Amino acid sequence: MTNRPEPPEALPPTQQPKRRRRSTGTYAAADARRAAILEAATRNFAREGYLNSSLAKIAADAGTSATVVVHHFGSKDKLLLAVLEARENRNYLKVHQGVQKDDIRKQFRAVLALAEHNLTEPGLIELFAKLSVEATNPDHPGHAFFVTRFEGAIDALAAGFRGALAAGQLKEETDPEQIAREVLAVSDGLQVQWALSLGRLDFVAAYRAYLDRLTQVLTMDGRGLD
């Protein structure tokens, strides 16, 4: 059995080091500043791309300085990851919040609506596609983010499909996790093709056609999305 060191005796209140306390207002101001930086970074990355977006320009758009941006996020790389994480959280809510877990068509319509919304941020789609490939390298700063993202997205989608399966909407042989991986793979793959086509590919139409076919194959009644 390992002997644990005894904790040091607590100092009397008068001898304990004084801690700096931040007021609630200070915390609120810091949160507001961080949110403003994230918003400005999202706009810049989406419009100009990662390489063409400078910390100075992002800071100016957020009404602060590059030093403050670094103070809150550490670096441009970490700021990008924070933008992607915030985007992923918004996307999760758009798909899963308030959507019935026992209705496969409503789930697919929510996924399709999200894809359509993402087209309003073309720069982020291109960044996401590029970084998701680069991040397969375990040494990449975004590796952990993308691993967590894919696992979380698959788990959330599969949970919804299990609900539809339990409700009797899907055929008994349906594998919710396998279908979740397929839906995510098609979405991400079409986004890459959309980026390579410089926006000429009708991403929403292609994704809708796929989800419609998949619904016909999976459901007991054999109907599509509509």
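1. The largest nonpolar core, a set of buried Ala, Val, Leu, Ile, Met, Phe, Trp, Tyr and Cys residues joined through side-chain atoms within 4.5 Å, has 28 residues. Buried here means under 20% relative accessible area (1.4 Å probe, protein chains only). Phe108, Phe161, Val183, Phe203, Tyr207, Leu211 and Leu214 touch the most other members. At least two residues come from each of α5 (104-118), α7 (143-166), α8 (176-196) and α9 (203-218); helices are DSSP runs (H or I, at least four residues), numbered from the N terminus.

2. The model is predicted: local features need pLDDT of at least 70 and side-chain atom pairs pLDDT 80 or more, while totals for chains, interfaces and linings use all residues. Residues are numbered from 1 along each chain as its sequence is written, and side-chain values use heavy atoms, without hydrogens and water.

3. A second, separate core comprises 26 residues, including Leu38, Leu55, Ala62 and Ala82.

4. The largest pocket holds about 480 Å³ of space. A pocket is an open set of points on a 1 Å grid where a 1.4 Å probe fits, with protein on both sides within 12 Å along at least five of seven lines; lining residues have an atom within 4 Å of a point. Of its 25 lining residues, Glu88, Asn91, Tyr92, Arg149 and Ala153 lie nearest the centre. α4 gives the most to this lining, with eight residues.

5. The second largest pocket holds about 230 Å³. Among its 15 lining residues, Tyr50, Leu80, Leu127, Lys130 and Leu131 are the closest to its centre. α6 gives the most to this lining, with four residues.

Note on methods:
Buried < 20%, exposed > 50% of the residue type's maximum accessible area, 1.4 Å probe, protein only. Points joined across faces, edges and corners; volume = space filled by probe spheres on them.
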